[in-house]
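Colleague: Please take me slowly through one part of this model, the sheet and the charged pair that links its strands, and then show me how the rest of the chain is arranged around that theme. I am in my first year, so please spell out each step of the reasoning.

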Amino acid sequence: MYVEKIPNRSSTPTVLVRESKRDGDKIIKTTIANITGFPKPIIEGLRILFRGGTAVKSIEDAFDVKSNKPHGHVAAVLGVMKQLGMAELIAPRNSRFRRLVLGMIAARVLAPASKLTTSAMLDARTAPNTLNEELGLKCVDEDDLYDAMDALVARKTEIECRLATRHLAEGSMVLYDVSSSYVEGGTGGVCHLWP
């Protein structure tokens, strides 16, 4: 069975519940009921049922809401980070350290803030979006972020080498920003460059 809408030139279309059978090369349609006067939601419900769908009394009955946190922007940022292979650049294996660094990078793109605010954004108890769930971080505080940053600095050369291997070839030109650096001089001719 199926619902068929039959157009009428000068009036509203006729809506029928029909059944079709094959008789040799011919298809024979049989009208089961005229449901033209039924409300549109009932007609659509019948159409769904006849196609093998499920009818529910209300939309609330159809879903169990587990979370209503925003997710689209989180999925977009994490998707781009995945395409760029950022996780493997930070650390070869999945670890809490790697997920914290990815979380800080994503949080910086989504809503730049202090480490205290970022830790609240990444903590399961106070997360305003799905970033914590996607990264599987659970409890996060600002000390976790500072520890991850310390570990990140310790791996700086290793990460730079991975980036160079991935993106540079012999004779490549590298441009970098030194606008936030300054030079200090002293007696004795020794200069220090501070980033």
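Modeller: A salt bridge is counted here when a side-chain nitrogen of Lys or Arg lies within 4 Å of a carboxyl oxygen of Asp or Glu. Please keep in mind that this is a predicted model. With that cut-off in hand, look at R18 and E4, whose side chains meet in a salt bridge with a distance of 2.9 Å from N to O. The pair links distant parts of the chain, since R18 belongs to strand 2 and E4 to strand 1, and the two residues are 14 residues apart. R18 counts as buried because its relative accessibility is 15%, and E4 likewise counts as buried because its relative accessibility is 18%.

The sheet around this pair can now be laid out. Three strands form an open sheet in the order 1-2-3, and the pairing is antiparallel. Strand 1 (2–6) and strand 3 stand at the edges, each with a single partner strand, so one side of each has no neighbour in the sheet. From one strand to the next, the twist averages 45°. Strand 1 and strand 2 are paired over five bridges in the antiparallel sense, and within this pairing Y2 stands opposite R18 in strand 2, which is the R18 that makes the salt bridge with E4. Helix 1 (residues 40–50) packs on the sheet, where it touches strand 1 and strand 2, and the direction of helix 1 makes about 135° with that of strand 1.

On the other side of the pairing order, strand 2 (residues 14–23) and strand 3 (residues 26–34) pair over eight bridges, again in the antiparallel sense. Here E19 stands opposite T30 in strand 3. Strand 2 and strand 3 form a hairpin with two residues between them, and G24 in that turn has a positive phi of about 70°.

A positive phi also occurs elsewhere in the chain, this time in a residue other than glycine: K138 has a phi near 60°. K138 lies in the loop between helix 7 (131–135) and helix 8 (142–154), and because its relative accessibility is 61%, K138 counts as exposed. Among the residues touched by D123 are K138 and N132. D123 sits in the loop between helix 6 (115–122) and helix 7, and because its relative accessibility is 3%, D123 counts as buried. The side chain of D123 reaches the backbone nitrogen of V140 at 2.6 Å.

To return to charged pairs, the structure holds eight salt bridges, and a useful comparison with R18 and E4 comes from helix 9. The side chains of K156 and E160 meet in a salt bridge at 3.5 Å, N to O. K156 and E160 are four residues apart in helix 9 (residues 156–167), which means that about one helical turn separates them. K156 is partly exposed, with a relative accessible area of 48%, and E160 is partly exposed at 39% relative accessibility. In the salt bridge of R162 with E158, the closest N and O atoms are 2.5 Å apart. R162 and E158 both lie in helix 9, where four residues, about one turn of the helix, lie from one to the other. R162 is partly exposed, with a relative accessible area of 21%, and E158 is partly exposed, with a relative accessible area of 38%. Back in the sheet, salt bridges that share partners join E4, R18 and K29 into one network.

Finally, consider the nonpolar residues. In the largest nonpolar core, which has 22 residues, L78 and L131 touch the most other members. The elements that give two or more residues to this core are helix 3 (72–84), helix 4 (86–90), helix 5 (96–110), helix 6, helix 7 and helix 8, and helix 5 gives the most, with seven residues. A second, separate core of five residues includes V3, V15, I35 and I43.

Conventions. Residues numbered from 1 in each chain as written. Predicted model: local features only at pLDDT ≥ 70, side-chain atom pairs only at ≥ 80, totals over all residues. Heavy atoms only, no water. Buried < 20%, exposed > 50% of the residue type's maximum accessible area, 1.4 Å probe, protein only. Pairing = 2+ DSSP bridges. Polar contact = N/O pair within 3.5 Å; in protein donor to acceptor, adjacent residues only side chain to side chain. Contact = heavy atoms within 4.5 Å. Core = buried A, V, L, I, M, F, W, Y, C linked by side-chain atoms within 4.5 Å. Axes fitted to C-alpha atoms, helices over the stretch in contact; angles between N-to-C directions. Lists of a residue's contacts leave out its neighbours within four places in sequence.
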